[in-house]
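Me: Could you take a close look at one part of this structure for me, the ligand and its surroundings? I am a first-year student, so please explain each term as you go.

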Amino acid sequence: MAESLHSDIAGNLAEVRARIAAAAQEAGRDPRAVTLVAVSKVHPAAAVEAALAAGQTVFGENRVQEAQGKFPALKAAHPDLRLHLIGPLQTNKVKDALALFDVIETVDRPKLARALAKEAAKRGAAPACYIQVNTGEEPQKAGIPPGEADAFIAECRDLGLDLRGLMCIPPVEEEPSLHFAFLREIAQRNGLEGLSMGMSGDYETAVRFGATLVRVGTGIFGARPVQA
Ligand SMILES: *Cc1c(COP(=O)(O)O)cnc(C)c1O
């Protein structure tokens, strides 16, 4: 791989980490309470290698199949690598997902929660889970509607899922901070600590609103090629 790609990714990572730390400090938060998830979807394994070389260990992918093509070898070579699923999960892919992903950020419906609990029991290990909340109530977007969140959180707990927190993707045309505050409120009233929120355009805002996971792709790896 070109040396320039390596140094671009290392430089971008340093900048994103510095911005997260500054936003955390401004908000009176410990920067170590924020985990950077490097979203490597569409980018090749070489880009992930470059990020690993720069000390990044947590990665996010939105498709099980794409991750299966890239990450088994990377995980074998880097045992400390942690992979988060940040895209929709079909129940027929649950087994494959739990074989590869350490964290499922997109638990969004009872059928999926039940399938995850069943597969986790078979494996004898439960993955860390986040519930995706459709804070903007957008019909085309995944996530449990906010009005059903409390009941769904209780259901996931009853199923024995290792529930860590909530995740959201705000509507593109709306002020993200309103959605971040809304997600935080749902988490707080349910005693959940984890908040996965913030992408390249708004992760500093998300950190100010309490994000514990920020999912940054473009800001680290550059623009994604348009997918067919
Ligand atoms: C692609 C993606 C990201 C990263 O988006 P960028 O704008 O490139 O940082 C974050 N979260 C989810 C759910 C994604 O699908």
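Reply: What follows is a walk around the ligand and its surroundings. This is a predicted model, in which local features need pLDDT of at least 70 and side-chain atom pairs count only at pLDDT 80 or more, while totals for chains, interfaces and linings use all residues. Residues are numbered from 1 along each chain as its sequence is written, and side-chain values use heavy atoms, with hydrogens and water left out.

The shell around the ligand, where a residue belongs if one of its heavy atoms lies within 4 Å, includes Val 39, Lys 41, Ile 86, Met 167, Ser 200, Arg 215 and Arg 224. Sorted by type, the shell holds 6 nonpolar residues, 3 polar ones and 3 charged ones, where Ala, Val, Leu, Ile, Met, Phe, Trp, Tyr, Cys and Pro count as nonpolar, Asp, Glu, Lys and Arg as charged, and the others, Gly among them, as polar.

Some of these residues make polar contacts, meaning pairs of N or O atoms within 3.5 Å. An oxygen atom of the ligand lies 2.5 Å from an N or O atom in the side chain of Ser 200, and a polar side-chain atom of Lys 41 is 2.7 Å from an oxygen atom of the ligand. Arg 215, in turn, places a polar side-chain atom 2.9 Å from a nitrogen atom of the ligand. The ligand on its own exposes 390 Å², of which the protein buries 89%, with areas computed by the Shrake-Rupley method using a 1.4 Å probe.

Note on methods:
Polar contact = N/O pair within 3.5 Å; in protein donor to acceptor, adjacent residues only side chain to side chain.
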